[in-house]
Amino acid sequence: MSLKDFENRVVLITGGATGIGRATALAFAKRGAKVVIGDVNEQAKETVEMIKQEGAEALFKKTDVTSSSDVKSLIDFTVEQFGGLDHAFNNAGVLPPTKDFADMTEEDFDFVVNVDLKGVFYAMKHELAYFTTKGKGTIVNTASIAGIIADPGMAPYVAAKHGVVGLTKAAGIEYIAKGIRVNAIAPGLVETNMTKGWLEDEEMKKVVTANTPIGRPARPEEIAGMVLFLSSDAASYAAGQTFIVDAGQTAH
Ligand SMILES: NC(=O)c1ccc[n+]([C@@H]2O[C@H](COP(=O)([O-])OP(=O)(O)OC[C@H]3O[C@@H](n4cnc5c(N)ncnc54)[C@H](O)[C@@H]3O)[C@@H](O)[C@H]2O)c1
């Protein structure tokens with residue numbers, strides 16, 4: 001992929017304060033994009049600084065993806081500040097505490113589904129409305145291999161991520177003929193704040209990495225490449241699909 005592929009393109013990333021979102025923000029910026037980050041976490045300011053050190057432009061707007069009006073304001077802000085929006089990466093997510101299904105509370109369920117599924121719905125809804133006025137645009141949503149298969153103890157997360165795969169299919173087929181491409185990525189185990197608790201516990205680390213055919217988690221940068229590819233013109237025939245990046249874990 002050329003280093004100029006995203007020159008003058010405007011990219012919106014939710015959940016870009018840390019992890020996969022931060023790595024993807026940097027990868028876009030290194031290829032010429034202007035990046036706006038929406039996140040509840042002020043650490044997003046560090047991502048903005050890192051991007052500026054690369055000589056690119058970036059802005060942060062504090063945004064809670066569980067609020068439709070926050071997400072709409074984030075898109076309006078992006079268009080006002082950078083003159084438009086070309087690519088969206090709806091990536092913000094949370095992981096619930098691992099529990100048996102029968103012990104899951106309504107609060108556990110709502111917490112995860114509100115961020116991981118409803119947050120993606122709000123973002124897609126407002127982005128699609130904007131992209132429709134332009135007749136172009138791309139969306140990549142972050143699902144998970146938990147959107148393809150189930151892991152024990154994570155029922156609400158599994159449900160939310162399967163939902164993201166569903167939203168991606170629905171919008172993918174509805175909007176491709178309007179010039180707007182919608183896809184999702186399904187990462188396997190990635191070394192981020194989300195999985196820190198597992199990876200810092202030696203026993204748990206052995207269990208979770210044993211599930212990966214490569215014997216290690218992905219670095220966030222190893223996920224970012226797929227987001228850039230799906231956002232790029234090189235993926236012009238890709239729509240409505242979820243692309244798995246898991247070192248073959250679900251190929252077993
Ligand atoms: N780490 C993994 O193994 C893994 C695997 C598959 C999918 N994912 C998905 O990747 C995405 C990114 O996670 P990560 O692993 O980089 O972890 P992370 O914790 O580093 O990043 C998640 C980001 O989402 C933000 N966020 C959380 N709630 C929010 C809200 N209500 N509004 C706005 N922002 C909010 C966080 O502040 C954080 O910046 C998530 O959707 C996650 O479910 C992660």
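This is a short walk through the ligand site and the two largest pockets of a predicted model.

Some housekeeping before the chemistry. Since the model is predicted, local features need pLDDT of at least 70 and side-chain atom pairs count only at pLDDT 80 or more, while totals for chains, interfaces and linings use all residues. Numbering runs from 1 along each chain as its sequence is written, and side-chain values use heavy atoms, with hydrogens and water left out.

Okay, the ligand. It has 29 residues around it, where being near means having a heavy atom within 4 Å. The closest are T18, D39, Y157, V190 and T192. By type, that shell splits into 13 nonpolar, 13 polar and three charged residues. For that split, Ala, Val, Leu, Ile, Met, Phe, Trp, Tyr, Cys and Pro are nonpolar, Asp, Glu, Lys and Arg are charged, and the others, Gly among them, are polar. Helices α1 (19-30) and α5 (155-175) each put at least two residues into the shell; helices here are DSSP runs of H or I, at least four residues, numbered from the N terminus.

Now, which atoms sit by the ligand's oxygens and nitrogens? A polar side-chain atom of Y157 is 2.6 Å from a ligand oxygen. On the backbone side, a polar atom of N91 is 2.8 Å from a ligand oxygen, and one of T63 is 3.5 Å from a ligand nitrogen. How much of the ligand gets buried? Taken alone it exposes 820 Å², and the protein buries 92% of that (Shrake-Rupley areas, 1.4 Å probe).

Where does the ligand sit? In the largest pocket, meaning that more than half of its atoms lie within 2 Å of the pocket's grid points. A pocket is an open set of points on a 1 Å grid over the protein atoms alone, where a 1.4 Å probe fits, with protein on both sides within 12 Å along at least five of seven lines; lining residues have an atom within 4 Å of a point.

This pocket holds about 1100 Å³ of space, counted as the space filled by probe spheres set on the points. It has 45 lining residues, with L95, Y157, T192, M194 and T195 closest to the centre. Two or more of them come from each of α1, α4 (106-134), α5 and α7 (202-210).

Last, the second largest pocket, at about 220 Å³. Fifteen residues line it, and A23, L26, A27, E221 and A224 are nearest its centre. Helix α1 gives the largest share, six residues, and α8 (221-231) also gives two or more.

Terms used: Polar contact = N/O pair within 3.5 Å; in protein donor to acceptor, adjacent residues only side chain to side chain.
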